[in-house]
Amino acid sequence: MTEQASPSFERLSELEAALHREQALARENAMLRAMIDSSQNPAVFVADPLDAGRFLYVNEATCHHFGKSREQLLTQHPYDCDPSVTPERLASIERQLREQGRVSFESEHHLSSGRRVPVEVQMSAFQHEGRPYVAGYFRDITERRAFESLAIEVESANAHHAESERYRQLFANFEDCVLFLDATDEGGFVIVSINSAAERSFGLKDAEAQGKSYYELFPPSLAVRLAAHHHACVQSGKSLRHEEVFSHPSGDRYFNVTFIPMKDDEEQIYRIAVILRNISERKRTEALLAQRERAFRTLAENAPDNIARYDRECRLFYSNPQLEATLGVLHGERFGKTPTESYPDGHFDEYETALKQVIATGEMLDVQIALPDRGIGGCYHHVRMTPERDEHGEVTGVLALGRDVTEQKRYEYSLLDRVEQERRLSQFFNVVPGFFYTLVQKPDGGFYVPFASIGIRQMFGVEPEAVAHDITPFIALVHPDDIESLFVQAETSARELKFGYIEFRITHPTKGVRWIASRAQPQRTEDGGTRWDGFMHDITERKQAETVLREGEQAMIDLEEKLLDLYELSPVGIVLTDMDGHFLRFNEAFRRLCGYSAEALKAQDHWSLTPPEFENRQVEQQEALSQTGSYGPCEQELLNQAGTRVAVQVSGTLITGKDGQHYIWSIVEDITARKQAETSLKQAHEFTEGVINAIPDLLFELDQEGRYLGIWTKKPELLAAQREALLGNTVNDALSPEAARIVMSALREAAETGLSFGKVICIDLAHGVGWFELSVSRKNGTGSAERFLVLSRDITSRKQMEAELALLGFAVNRVMGDAFFLIDESARFVQVNDQACHSLGYSREELTCMTVFDIDPDFTSERWGKFLSGVKAGVLQRRFKSRHRSKDGRLLPVEIAAQCFLHEGKVYDLAIARDLGACKRVCPRFENVLKQ
């Protein structure tokens, strides 16, 4: 026996902890996303470079900037709001992103209100799961443009004093830091003025800053970089922009630094304006976002469960590798799609409905779905859907975590089948000298026996139902000295999940103390309990024999004559051998088992009766004897005189004789009957599975209320609804009122008489109307609640054929004006129509007992023989005239049209007889009409 694998409590705890971590991370990500969504500055977006930069994500600031909803923006591209983004410019931006990783530029957005707004745009490229994306942000620079325009205006006016005053007034309350620097005679740059924002940032008054250079205000490395950009601005004569990091006691601060050249009337640069915009908060937000995203993806992409995230429109924007492996899809294949768009076959319609419910209600929801069969069998998953919220508590999407529960579902279905299998196998259990059982220990420690064969009645004096829910009646019979040992061994078996063998005593109500042996294989149940499937049998006789052997090894030899009767009459074999296996003494039971005479058996030894494949087991028994003084019990085979293998269970004890030599007393028990019972059990299981798989009809198990408890079919298209939708519901929920009434009538009839046959119901199926014939039988031994097995045979084709035959019969009997006869090889009428009965005056019952010779005086048996000869020669159609004699003796002239055919190897004649007398009566009247 091999140890069966099952999930441990530790593994369940790990999965539960992982789920809590995922939920906590999901909440943190929801908070982070809410922070970005609600940010008023800057406007953040994520774009798809593979789809001409289509927006994949925008925050609230972006929506507010454009005056559009998030749903509208997620369908648009950059060129929809920025006409300057031509295909050529878009290609240039993508090239810079590939080469440099980031790009910044100024542009102009056309808003829905018709207003045009200058913006500063910064974008960065990144890879996620092998796919490129672009993340970026933009700011409205209308105010900065106004400042630049004013600076140019002041420069052109060449009013330096007024200019300085106006600058101070303009930038006194400007939120960005502004520095004005003039060139010195030595070629350097010194500050001439700073605004109040710069005073607060650098802790320096305007008067204190005047006349100082970069090197006097900033650390050397920073001063060198600023001076270099300053020179570049002077050399190019154009504004320059870059990012800088300023060290600060409270931490590094990040600034977007812009150098603006100021020119006089002769286009000579006389001053540089430096604008420093604090972007530290944005940098920290970006870093936090990246950190949280990395943490989430690390956890999600290594999680053993399926993880997916959906937006408010139920569109997928993230799935971990485990989910993609479960569904068998490539990465990104379903991104941007809803479940119903990815699976238009309707398999995930209920799943999408659940997503919409979570988004609408904001409440967590647990659902169970059946995944499509990808050739490895269907599987079931339990999915927990958790709403993701922003900082205002609004639902922004759904985090879905799924766990495979296929094994649990299969176990549940197997339990539904178990009672029926037990009933079918009961005929095998009745002949077993013991009983089979299933013992279950619940997680709370309680025990019950959901199945026990009828042998428990003989062995323990209790009924199977008495221990079906509690083993107290069983424990009450166990010998007080063995109860503790029994529970200890059960605990060890449950912990190690290894095949176990236990011997204990019971006090039988009428038989007294009996020894019981139990062997069972444990396995873990889905709820964390333990289940043992095993077999118990009475070993009292064997234990008595062992007791006799163990009651003093030396005393055994001295008193063996006194115990001879018990020794000889023992139903199990007892044999004494030396250490080489030679038979020294044996009882009659052992001799009969071997099939030899006493003299012939003494010439044999242990090895000559052991098949070669069991020789290693004999060596193990010798080692056990040397270590513990006994061996067994163990099972093997024995070769008798006829060469037949006999299944036996052997055990033995090492003793020391009077001569000081070691000997072995062994007990050999014939277990052929038990092995045959085990084989029968296995065959019965195989037979049961084969029968169920071979049934072409629908098979249901219903309770007395018509509730579906089990469904077996290889044609699910014939079910009134999907199998999962039927289970747990009643026929009144699934069928039409008339069909449900017929089914319940059949259940009541089966409850009263045990069986119900022949009732027919009609069901509307996806491919049309279906007709089914019901066969219902009442199950036995299922407790107080009655259950029924219902075979539903598809008779749709038969009903269609019956309808066609009914139509044909109506046409032949009511519409056809000529007499119609179907005749077999013996000239007997097999079938006739109403016209034939009417014209001859006979009833249909009378005619179908007659032959052609009874109504046609001109058609003799010789003529019929020639007629059949012509058929065999290939003449299948004939037309001739004859006469028919009616019941009142009249002779009617007829014209016969005969058509012969073969059906199932027999010849039949289809004869249509037209009454020529009626034709003659009609013709004169017809001629008179023509003359008139």
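Let me begin with Lys 675, which, once neighbours within four places in sequence are set aside, is in contact with Glu 635 and Ala 647, contact meaning heavy atoms within 4.5 Å. Before going further, I should say that this is a predicted model, in which local features need pLDDT of at least 70 and side-chain atom pairs count only at pLDDT 80 or more, while totals for chains, interfaces and linings use all residues. Residues are numbered from 1 along each chain as its sequence is written, and side-chain values use heavy atoms, with hydrogens and water left out.

Lys 675 is found in helix α25, residues 672–694; helices (H or I, at least four residues) and strands (E, at least two) are DSSP runs, numbered from the N terminus. Its side chain and that of Glu 635 are joined by a polar contact of 2.8 Å, a term that stands for a pair of N or O atoms within 3.5 Å, where within protein one must be able to donate a hydrogen and the other to accept it, and residues adjacent in sequence count only if both atoms are side-chain atoms. Is Lys 675 buried or exposed? At 29% relative accessibility, Lys 675 counts as partly exposed, given that buried means under 20% relative accessible area, exposed over 50%, and partly exposed in between, with a 1.4 Å probe and protein chains only. From C-alpha to C-alpha, Lys 675 and Val 648 are 9.4 Å apart in space, although 27 residues separate them in sequence.

A second polar residue to look at is His 381, in strand β14 (residues 379–389). His 381 is buried, with a relative accessible area of 5%, and its side chain makes a polar contact of 3.1 Å with the side chain of Asn 306. Not counting residues up to four places away in sequence, His 381 also touches, among others, Thr 326, Ile 369, Arg 403 and Asp 404.

Turning to the sheets, one open sheet has 5 strands in the order β7-β6-β10-β9-β8, with antiparallel pairing, two strands being paired if DSSP finds at least two bridges between them. Its edge strands, each pairing on one side only, are β7 (189–194) and β8 (240–246), and the twist averages 30° from one strand to the next. Helix α10 (residues 220–236) packs on this sheet, touching β6 (177–183), β7, β8, β9 and β10 (269–278), and its direction makes about 175° with that of β8; axes here are lines fitted to C-alpha atoms, for helices over the stretch in contact, and angles run from 0 to 180 degrees between N-to-C directions.

Another open sheet of 5 strands, also antiparallel, has the order β17-β16-β20-β19-β18, with β17 (447–452) and β18 (500–508) at the edges. Within this sheet, β16 (residues 435–441) and β20 (residues 530–538) pair over 7 bridges, and Gln 441 stands opposite Thr 530. Helix α18 (residues 480–496) lies across β16, β17, β18, β19 (512–524) and β20, running at about 155° to β18.

I will finish with the core. The largest nonpolar core has 28 residues, and those with the most contacts inside it are Phe 590 and Leu 601; such a core is a set of buried Ala, Val, Leu, Ile, Met, Phe, Trp, Tyr and Cys residues joined through side-chain atoms within 4.5 Å. Elements that each supply at least two residues of this core include α22 (588–594) and β23 (630–639).
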